[in-house]
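Visitor: Hello, I am new to this structure and would like a close look at a single part of it. Could you pick the aromatic rings, and then show me the surroundings step by step?

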Amino acid sequence: QVQLVESGGGLVQPGGSLRLSCAASGTIASINAMGWYRQGPGKERELVATITSVGSANYADSEKGRFTISRDNAKNMVALQMNSLEPEDTGVYYCHAEVRVTAWYGRASDYWGRGTLVTVSS
């Protein structure tokens with residue numbers, strides 16, 4: 001069984017910063033991509049940022065220049081540093097990972113964390 005656990009969410013003023021962390025645990029042979037997705041009020045879940053096993057990152061256009069995604073392969077962790085936060089960044093942030101549970105070359109399956117709430121408000 002693979003589990004992803006997020007932490008670091010909370011209430012922050014506009015212009016402030018938060019750092020989200022996610023740790024994967026369980027039966028893991030290897031992890032391909034990891035990432036963060038957000039579901040805002042009244043919106044569908046959307047991509048925030050992803051990062052490959054070799055460190056290639058992709059960001060949604062609205063997050064470029066403000067957010068930084070990073071990972072620690074040895075610890076099966078991914079983090080999201082969020083700066084210059086805006087009210088539009090409010091939402092539940094979900095950690096995602098493509099995990100191979102049997103072998104590094106085997107099939108990868110999608111796993112999701114339960115989410116952590118980020119609220120940006122005055």
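Guide: Here is a walk that starts at the aromatic rings and then moves outward to the strands and loops.

Please keep in mind that this is a predicted model. When the whole structure is searched, one aromatic pair turns up. The partners are Tyr37 and Trp112, which meet edge-to-face, with 5.1 Å from centre to centre and 65° between the planes. That label follows because planes over 60 degrees apart count as edge-to-face. The two rings come from distant parts of the chain: Tyr37 belongs to strand β4, residues 30–39, while Trp112 belongs to strand β10, residues 109–112. Along the sequence, 75 residues separate them.

Is Trp112 buried or exposed? The answer falls between these words: Trp112 has a relative accessibility of 38%, so it counts as partly exposed.

Trp112 has another partner to look at, and this one carries a charge. The charged end of Arg45 sits over the ring of Trp112, 4.7 Å from the ring centre. The charged end of Arg45 also sits over the ring of Tyr94, and there the distance to the centre is 3.7 Å. If you find Arg45 in the picture, you can therefore follow its charged end to both rings, because a charge is counted as sitting over a ring when CZ of Arg is within 6 Å of the ring centre and within 35 degrees of the ring normal.

From the rings, let us step along the chain to the loop that follows β4. Gly40 lies there, between β4 and β5, the latter spanning residues 46–51. Gly40 counts as buried because its relative accessibility is 11%, and buried means under 20%. Leaving out neighbours within four places in sequence, Gly40 is in contact with Thr90 and Gly91. Its C-alpha atom is 6.4 Å from that of Val92, although Gly40 and Val92 are 52 residues apart along the chain.

Thr90 and Gly91 lead us to another residue worth finding, Val118. Val118 has its place in strand β11, residues 116–120. With a relative accessibility of 0%, Val118 counts as buried. Not counting residues up to four places away in sequence, Val118 touches Gly9, Gly10, Leu18, Leu20, Met82, Asp89, Thr90, Gly91 and Tyr93. So Thr90 and Gly91 are touched by Val118 and are also in contact with Gly40, contact here meaning heavy atoms within 4.5 Å. For Val118 and Gly42, the C-alpha atoms are 15 Å apart in space, with the two positions 76 residues apart in sequence.

Two of the residues that Val118 touches, Leu18 and Met82, bring us to the pairing of strands. Strand β3, residues 18–26, pairs with strand β8, residues 77–82, in the antiparallel sense over six bridges. Leu18 has Met82 in β8 as its bridge partner. On strand β7, residues 67–72, the pairing with β8 is again antiparallel and again runs over six bridges. There, Phe67 has Met82 as its bridge partner. Met82 is thus a bridge partner of both Leu18 and Phe67.

Now follow β7 and β8 to the turn that joins them. Their hairpin has four residues between the strands, and Asn76 takes a positive phi near 55° in it. Why mention that angle? Most residues other than glycine have a negative phi. Asn76 is partly exposed, with a relative accessible area of 22%. Beyond the other end of β8, Ser84 is found in the loop between β8 and β9, the latter covering residues 91–100. Ser84 has a positive phi too, near 50°, in a residue other than glycine. Its relative accessible area is 40%, so Ser84 is partly exposed.

Finally, step back to see the whole chain around these details. Its secondary structure comes to zero helices and eleven strands. The radius of gyration is 14 Å, close to the 14 Å that the globule rule gives for 122 residues, so the chain is as compact as a globular protein of that length. Along the principal axes, the C-alpha atoms fill a box of roughly 45 × 25 × 25 Å. Of the 122 residues, 39% count as buried. Among contacts with a separation of 6 or more, 57% come from residues 24 or more positions apart. The exposed area of the chain is about 6600 Å², with carbon and sulfur atoms supplying 47% of it.

Definitions and conventions: Residues are numbered from 1 along each chain as its sequence is written. This is a predicted model: local features need pLDDT of at least 70, side-chain atom pairs count only at pLDDT 80 or more; totals for chains, interfaces and linings use all residues. Side-chain values use heavy atoms; hydrogens and water are left out. Rings of Phe, Tyr and Trp (its six-membered ring) pair if their centres lie within 6.5 Å; planes under 30 degrees apart count as stacked, over 60 as edge-to-face and the rest as tilted. Helices (H or I, at least four residues) and strands (E, at least two) are DSSP runs, numbered from the N terminus. Buried means under 20% relative accessible area, exposed over 50%, partly exposed in between (1.4 Å probe, protein chains only). Two strands pair if DSSP finds at least two bridges between them. The radius of gyration is taken over C-alpha atoms; the globule rule is 2.2 Å times the number of residues to the power 0.38. Accessible areas come from the Shrake-Rupley method with a 1.4 Å probe; for residues, only the protein chains shown count as cover.
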